[in-house]
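The exercises below are meant to be worked with the coordinates open, and each is followed by a solution that proceeds step by step. Please attempt each task before reading its solution.

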Amino acid sequence: MGRIVVGGIIEKDGKFLLVQEGKEECRGKWNIPAGHLEPNETILDGVKREVKEETGCNVELTGLLQIGNKVFHDDVFISIVFSMKLLEEDIRFDKKEILDVKWFTYEELLNKKEELRAYSLIMNSISAFLENKIVDIHFITMM
């Protein structure tokens with residue numbers, strides 16, 4: 001059994017778009033726009049869908065930033081984080097799932113360790129983006 005979560009780093013004018021989680025287990029924590037793949041969905045389609053659902057924004061995938069893996073009990077968690085280009089900013093979200101959507105500078109995020117859902121994942125992904133450690137999107141092969 002395993003879970004795959006896809007998400008993205010969206011940058012505009014030196015700021016990064018994060019969502020404030022509304023789900024009970026992580027209520028109030030800030031996170032990159034991300035979510036679980038649906039059945040019969042590719043990772044590329046899934047990440048664009050999740051970003052649209054959580055932020056209202058349309059994006060273009062520009063590369064791969066990070067693949068994370070965590071094992072707990074009898075389950076495996078895999079996260080795949082992409083770099084994205086903002087095509088259309090139209091902030092809209094389901095207030096049952098997302099409390100807020102906001103742009104943050106890297107410096108602001110450094111001081112939010114307790115407020116971020118997955119501090120290391122978020123900051124490592126943003127650092128990779130800032131350092132241009134982006135893997136070409138064509139590295140991902142659809143089978």
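**Exercise 1. A charge over a ring**

Over the face of which residue does Lys-70 lie, and at what distance from the ring centre?

Solution. Bear in mind throughout that the model is a predicted one. The criterion needed here asks that NZ of Lys be within 6 Å of the ring centre and within 35 degrees of the ring normal. Lys-70 lies over the face of Phe-72, at 5.8 Å from the ring centre.

**Exercise 2. Aromatic pairs**

Determine how many aromatic pairs the structure holds, classify them, and locate their members in the secondary structure.

Solution. Step one is the count, which comes to two aromatic pairs. Step two is the geometry of the pair formed by Phe-16 and Phe-129, whose ring centres are 5.8 Å apart and whose planes stand at 90°, so that this pair is edge-to-face. Since Phe-16 belongs to strand E2 and Phe-129 to helix H3, the pair ties together parts that are 113 residues apart in sequence. Both Phe-16 and Phe-129 are buried.

Step three repeats the analysis for Trp-30 and Phe-104: with centres 4.9 Å apart and planes at 75°, the pair is edge-to-face, because planes over 60 degrees apart count as such. Trp-30 is part of strand E3 and Phe-104 of strand E7, so this pair ties together parts that are 74 residues apart in sequence. Trp-30 and Phe-104 are both buried.

**Exercise 3. The nonpolar cores**

Identify the residues that touch the most other members of the largest nonpolar core, and name the elements that build this core.

Solution. The largest nonpolar core has 21 residues, of which Ile-10, Ile-43, Leu-44, Leu-61, Phe-82 and Met-84 touch the most other members. Two or more residues of this core come from each of strand E1 (2-12), strand E2 (15-21), helix H1 (43-55), strand E5 (58-72), strand E6 (75-88) and strand E7 (98-105). To see the surroundings of one member, take Phe-82 and set aside residues up to four places away in sequence: among those it touches are Gly-7, Gly-8, Ile-9, Ile-43, Leu-44, Val-47 and Leu-61, together with Ile-137 and Ile-140. Another core, of 17 residues, lies apart from the largest one, and includes Val-81, Phe-104, Leu-116 and Met-123.

**Exercise 4. Two helices compared with their expected spans**

Work out how the spans of H1 and H3 relate to the expected values, and what covers their buried residues.

Solution. H1 has 13 residues and reaches 18 Å from its first C-alpha to its last, which is close to the 18 Å expected at 1.5 Å a residue. Its buried residues are Ile-43, Leu-44, Gly-46, Val-47, Arg-49, Glu-50, Val-51, Glu-54 and Thr-55, and the elements they pack against are E1, E2, strand E4 (34-36), E5, E6 and E7. After H1 comes Gly-56, with a positive phi near 85°.

Within H1, Glu-50 deserves a separate step. At 8% relative accessibility Glu-50 counts as buried, because the limit is under 20%. Apart from its neighbours within four places in sequence, Glu-50 is in contact with Ala-34, Gly-35 and His-36.

Helix H3 (residues 119-130) has twelve residues and a C-alpha span, first to last, of 16 Å, close to the 16 Å expected. Buried in H3 are Ile-122, Met-123, Ser-125, Ile-126, Ser-127, Ala-128 and Phe-129. Their cover includes E1, E2, strand E3 (30-31), E5, E6 and helix H2 (106-110). Asn-132 follows H3, and its phi is positive, near 55°.

**Exercise 5. A buried asparagine**

Is Asn-31 buried or exposed, and with which residues is Asn-31 in contact?

Solution. Asn-31 is placed in strand E3, and it is buried, with a relative accessible area of 8%. Leaving aside neighbours within four places in sequence, its contacts are Leu-18, Val-19, Glu-21, Arg-117 and Ile-122. Asn-31 and Met-123 are 92 residues apart in sequence, while their C-alpha atoms are 10 Å apart in space.

**Exercise 6. The cysteines**

How many disulfides does a search of the whole structure find?

Solution. The search finds zero disulfides. For Cys-26 the nearest cysteine sulfur is that of Cys-57, 20 Å away, whereas a disulfide needs the sulfur atoms within 2.5 Å. Cys-26 is buried at a relative accessible area of 6%, and Cys-57 is buried at 1%.

How values were computed. Residues numbered from 1 in each chain as written. Predicted model: local features only at pLDDT ≥ 70, side-chain atom pairs only at ≥ 80, totals over all residues. Heavy atoms only, no water. Core = buried A, V, L, I, M, F, W, Y, C linked by side-chain atoms within 4.5 Å. Buried < 20%, exposed > 50% of the residue type's maximum accessible area, 1.4 Å probe, protein only. Helix = DSSP H or I, 4+ residues; strand = E, 2+ residues; numbered from the N terminus. Contact = heavy atoms within 4.5 Å. Expected span 1.5 Å × (residues − 1). Phe/Tyr/Trp six-rings, centres within 6.5 Å; stacked < 30°, edge-to-face > 60°.
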